[in-house]
Amino acid sequence: MPDLLAPENAHTPLRHAVPALLSVRDLRVSYRTGRGIAHAVDGASFDVGQAEMVGLVGESGCGKTTAARSLTGVMAGNASVTGGNVTFTGQNLLALDKQAMRAVRWKQIAFVPQSAMNSLDPVYRVERQIKEVLIRNGLRGRPARARALALLDMVGLEPSVLAAFPHQLSGGMRQRVAIALALALDPLLVIADEPVTALDVIVQREVLDTLRDLQKRLHLSVIMITHDISVVAYCCDSIVVMYAGQVVESGPSSALLGAAAHPYTMGLCNAFPDLERAADLLVPIQGSPPDLHEPPAGCRFAPRCPFAVTRCTVQVPPLVEIEPGHKAACWRSAEAGILRQRAMEATTWMR
Ligand SMILES: Nc1ncnc2c1ncn2[C@@H]1O[C@H](COP(=O)(O)OP(=O)(O)O)[C@@H](O)[C@H]1O
Ligand code: SF4
Ligand SMILES: [Mg+2]
């Protein structure tokens, strides 16, 4: 994977330089299941600035996809938004009815779904699939074909791809088609859910380069969802770390990668390769995220946290600003420098 701290990947802390395009406050989404209610997103707050690329990162099951889908109103039948505010270009998305939400989807907020590679319809050629999106803007015939070709060009694909069926394309090419579909109606915000997860490392880098290049050229805002912190480190301006349905740390990438303040972020940085660490020194975080039907009391990370103290298992740490634009929800964030040193040692995580 890319080098986290390579100079060409230096990040600009845009959080204060740009006004928020999307503002999520105390978002709550739950699922009704046979075992009761799973609080998949439980009070998440974060911002996405104009022309900013924000990485939403956390292990599988932490609520990233649920949070993202609730922003576009495309949710599973057993899901409900139970609280919060989502402001996008001045409108509260959670208050929109289905018809108003349809007007936002694709045209203002476009979604590249998880495993987009396989979400393309196998029985239709790429041209038809792109035209099905373009028709939402009333584009048909020759203008639609011209726009489809322009979209393929934008994502680095040859015109011949228009006539291809998905199975005739490589994984990386299918992912590029999925990105082209998302860009079809000139959205302001693109949400890409694990866009490079199924790809090999070289193709990952190429697709991320394309996405980053388009984001800059089109002044797009992007939410990049991934479980792999090295992916967000490679291309995102800001990072939002989710654990067990909650945001535990957020801020400019440079701050989170250089001076993580939450032990979960420190653990994620240890668990993925970067410049400083040989692959055989990677240290996984022991255990797995909690069952969201019955999350632990206090800090949800406490059962896995090597630095937990008694208070952690009793009181919920609030998400507070520890330096401008950098927030963390940890009772011990004032000691973050010392904890970071200890977090670098593999033995710290072997419990
Ligand atoms: N349709 C569903 N019904 C019940 N639980 C679900 C459903 N979809 C997701 N979940 C649960 O919600 C939690 C968050 O899932 P998800 O948003 O997919 O996380 P992530 O994208 O971070 O992997 C997980 O515990 C998952 O099992
Ligand atoms: S609040 Fe306590 S348990 Fe939670 S991350 Fe901080 S030190 Fe660990
Ligand atoms: Mg997901």
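Start with enclosed space: in this predicted model, the search for cavities of 30 Å³ or more returns a count of one. To see where this space lies, select Pro263, Cys299, Cys305, Cys312 and Cys330, which are the residues nearest the centre of the largest cavity, and then extend the selection to the lining, which comprises 13 residues. The space in the largest cavity comes to about 90 Å³, and its lining is made up of eleven nonpolar residues, one polar residue and one charged residue.

Next, turn to the largest pocket, which holds about 470 Å³ of space. Its lining has 21 residues, and a useful selection for centring the view is Trp106, Pro113, Ser119, Val133 and Leu181, the ones closest to the pocket's centre. If you then display the secondary structure, you can pick out helix 1, strand 6 (109-112), helix 3 (116-119), helix 4 (126-134) and helix 6 (171-183), each of which supplies at least two residues of that lining. Colouring the lining by residue class gives 13 nonpolar, three polar and five charged residues. Now colour domain 1 (13-108 + 187-349) and domain 2 (116-186) separately: because both domains give residues to the lining, the largest pocket lies between them.

The last stop is ligand 1, which is surrounded by 14 residues, with Gly61, Lys64, Thr65, Thr66 and Asn78 as the closest. Which atoms should be labelled here? Three polar pairs can be displayed one after another. For Gly61, a backbone N or O atom lies 2.7 Å from an oxygen atom of the ligand; for Thr65, an N or O atom in the side chain is 2.8 Å from a ligand oxygen atom; and for Tyr31, a polar side-chain atom lies 3.5 Å from a nitrogen atom of ligand 1. With a surface switched on, note that the protein covers 67% of the 550 Å² of accessible area that ligand 1 has on its own.

To place this shell in the fold, select strand 1 (20-33) and helix 1 (64-72), the elements that give two or more residues to the surroundings of ligand 1. Helix 1 makes the largest contribution to that shell, with three residues, and helix 1 is also among the elements that supply at least two residues to the lining of the largest pocket. Finally, colour the shell around ligand 1 by class, where you will find five nonpolar, seven polar and two charged residues.

Key:
Residues are numbered from 1 along each chain as its sequence is written. Chains are lettered from A and ligands numbered from 1 in the order in which they are written. This is a predicted model: local features need pLDDT of at least 70, side-chain atom pairs count only at pLDDT 80 or more; totals for chains, interfaces and linings use all residues. Side-chain values use heavy atoms; hydrogens and water are left out. A residue is near a molecule or strand if one of its heavy atoms lies within 4 Å of it. A polar contact is a pair of N or O atoms within 3.5 Å; within protein, one must be able to donate a hydrogen and the other to accept it, and residues adjacent in sequence count only if both atoms are side-chain atoms. Accessible areas come from the Shrake-Rupley method with a 1.4 Å probe; for residues, only the protein chains shown count as cover. Helices (H or I, at least four residues) and strands (E, at least two) are DSSP runs, numbered from the N terminus. Ala, Val, Leu, Ile, Met, Phe, Trp, Tyr, Cys and Pro count as nonpolar, Asp, Glu, Lys and Arg as charged, and the others, Gly among them, as polar. On a 1 Å grid over the protein atoms alone, a cavity is a set of points where a 1.4 Å probe fits but cannot get out, and a pocket is an open set with protein on both sides within 12 Å along at least five of seven lines; lining residues have an atom within 4 Å of a point. Grid points are joined across faces, edges and corners, and a volume is the space filled by probe spheres set on the points. Domain bounds come from an automatic or database domain assignment.
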